[in-house]
Structure formats: structure tokens, C-alpha cells
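Hello,

Here is the structure I promised to pass on. Please open it first, then read the notes below.

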Amino acid sequence: MELLGLDNSFAEAFGEAIAKNNTIEKVNIDSNAITGVGVKALFAGLGKNSSIEDFQVRHQHRVMSTLDEESLPELLESNTSILKLGVDVRSQLVKMRLDKIINANRDRLRKLRLDAILG
């Protein structure tokens, strides 16, 4: 869903939809017109989702505010499925916190695979 001119109203509705959907595994909504409000709505839905492994929301036409960026890791904390995340944030602290969540999910999956092999 790239370059479709999707905006915050779409992001809010899609955020609600992905919170309830457990079949979608990959979402790419790069290069649209979603602002920080919309990205936060998407992350709120993603935090409740248990199937999406790859989520891309980069290259939006407007830059997110610092306050919006700082709220993203908290919204994503409860997600255990996300393994790849593409979002434009300027804050190194926010990037590190998001990477920590993704790495924890990868470690959890690695342990599950190892447990399955070892029985």
C-alpha cells in the first residue's frame, strides 16, 4: 500500500483493524501522508496484534514530532511477533528502545526453536 496518499483517518481505522486481525503477517504502508498521530494509532493496533512480523511505515510526507516518537516504544511493548520494523525516527533513544523490543522477540523465537529441537 505504498504511494496511495493514505492519511491519518486510514491509519486510525487500520490500527483498529490490525489490533483484531491475527492473520496478516506483513504490512507496508511506506510513502504516504500519515503523521505522528496516525503512526501512533498504527502502533497502538500493532501492540495488540500477534501475527504481524514485518511492519513498514517509513518515508511519510510529514515528520513525526519528538513527543509522538517517544510514545512508540511504549505502544509496541506488548507485541511479541514483530521481527522487522521500518519507521523513521530521529531520536537514537527511541531507535534503541524499538530495537530492544524486536531483539527480545527474535530471542524468544530462537528459544522456542531450540526447545522444539531439543524436545
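**What was found**

Start with the C-terminal part of helix 4. Leu-118 is exposed, with a relative accessible area of 67%. This leucine belongs to helix 4. Together with Leu-114 and Ile-117, Leu-118 forms a nonpolar patch on the surface. The accessible area of the three is about 360 Å² together. Keep in mind throughout that this is a predicted model.

**Helix 4**

Helix 4 runs from 92 to 118. Its 27 residues should span 39 Å at 1.5 Å a residue. The end C-alpha atoms are 38 Å apart, which agrees.

Helix 4 also has a buried side. Val-94, Leu-98, Ile-101, Ile-102 and Asn-105 are buried there. Their cover includes helix 2, helix 3 and strand 3.

There is a salt bridge within this helix too. Asp-107 pairs with Arg-110, and the closest N and O atoms are 2.4 Å apart. The two are 3 residues apart in helix 4, so about one helical turn separates them. Asp-107 is partly exposed at 35% relative accessible area. Arg-110 is partly exposed as well, at 45%.

**The core**

The largest nonpolar core has 25 residues. Which of them touch the most other members? They are Phe-43, Phe-55, Leu-85 and Val-87. Four helices each supply at least two residues of this core: helix 1 (8-20), helix 2 (36-48), helix 3 (66-76) and helix 4 (92-118).

Leu-85 is a good place to look around. Leave aside its neighbours within four places in sequence. Leu-85 is then in contact with Phe-43, Phe-55, Gln-56, Leu-76, Leu-98 and Ile-102. Two of these partners come up elsewhere in this message: Leu-98 and Ile-102 are among the buried residues of helix 4. Leu-76 is one of the buried residues of helix 3.

**Helix 3**

In helix 3, the buried residues are Asp-68, Glu-69, Ser-71, Leu-72, Pro-73 and Leu-76. What covers them includes helix 2, strand 3 and helix 4.

Look at Asp-68 in this helix. Asp-68 is buried, because its relative accessible area of 13% is under the 20% cut-off. What does Asp-68 touch, not counting residues up to four places away in sequence? It touches Gly-36, Val-37 and Lys-40. Take Val-37 as an example of the distance in sequence. Asp-68 and Val-37 are 31 residues apart in sequence, yet 7.2 Å apart in space from C-alpha to C-alpha.

**Salt bridges across the chain**

The whole structure holds 5 salt bridges. The one inside helix 4, between Asp-107 and Arg-110, is described above. Two others deserve a look.

One joins the side chains of Asp-30 and Arg-58, at 2.9 Å from N to O. Asp-30 lies in the loop between strand 1 (26-28) and helix 2, and Arg-58 in the loop between strand 2 (54-56) and helix 3, so the pair ties together parts that are 28 residues apart in sequence. Are the two partners buried or exposed? Asp-30 counts as buried, at 3% relative accessibility. Arg-58 counts as partly exposed, at 29%.

The other joins the side chains of Glu-69 and Arg-90, at 3.6 Å from N to O. This pair also links distant parts of the chain. Glu-69 is in helix 3, Arg-90 is in the loop between strand 3 and helix 4, and they are 21 residues apart. Glu-69 is buried, with a relative accessible area of 2%. Arg-90 counts as partly exposed, at 45%.

**Two residues with positive phi**

Last, check the backbone at two places. Ser-31 has a phi near 55 degrees, a positive value in a residue other than glycine. Ser-31 sits in the loop between strand 1 and helix 2. That loop also holds Asp-30 of the salt bridge with Arg-58. Ser-31 is buried, with a relative accessible area of 16%.

His-59 is not a glycine either, and its phi is positive at about 55 degrees. His-59 is in the loop between strand 2 and helix 3. Arg-58 is in that loop too. His-59 is partly exposed, with a relative accessible area of 47%.

Best regards

How values were computed:
Residues numbered from 1 in each chain as written. Predicted model: local features only at pLDDT ≥ 70, side-chain atom pairs only at ≥ 80, totals over all residues. Heavy atoms only, no water. Core = buried A, V, L, I, M, F, W, Y, C linked by side-chain atoms within 4.5 Å. Buried < 20%, exposed > 50% of the residue type's maximum accessible area, 1.4 Å probe, protein only. Contact = heavy atoms within 4.5 Å. Patch = residues over 30% accessible without salt bridge, like charges linked within 9 Å, V, L, I, M, F, W, Y side chains within 5 Å. Areas by Shrake-Rupley, 256 points an atom, 1.4 Å probe, with all protein chains shown as cover. Salt bridge = Lys/Arg side-chain N within 4 Å of Asp/Glu carboxyl O. Expected span 1.5 Å × (residues − 1).
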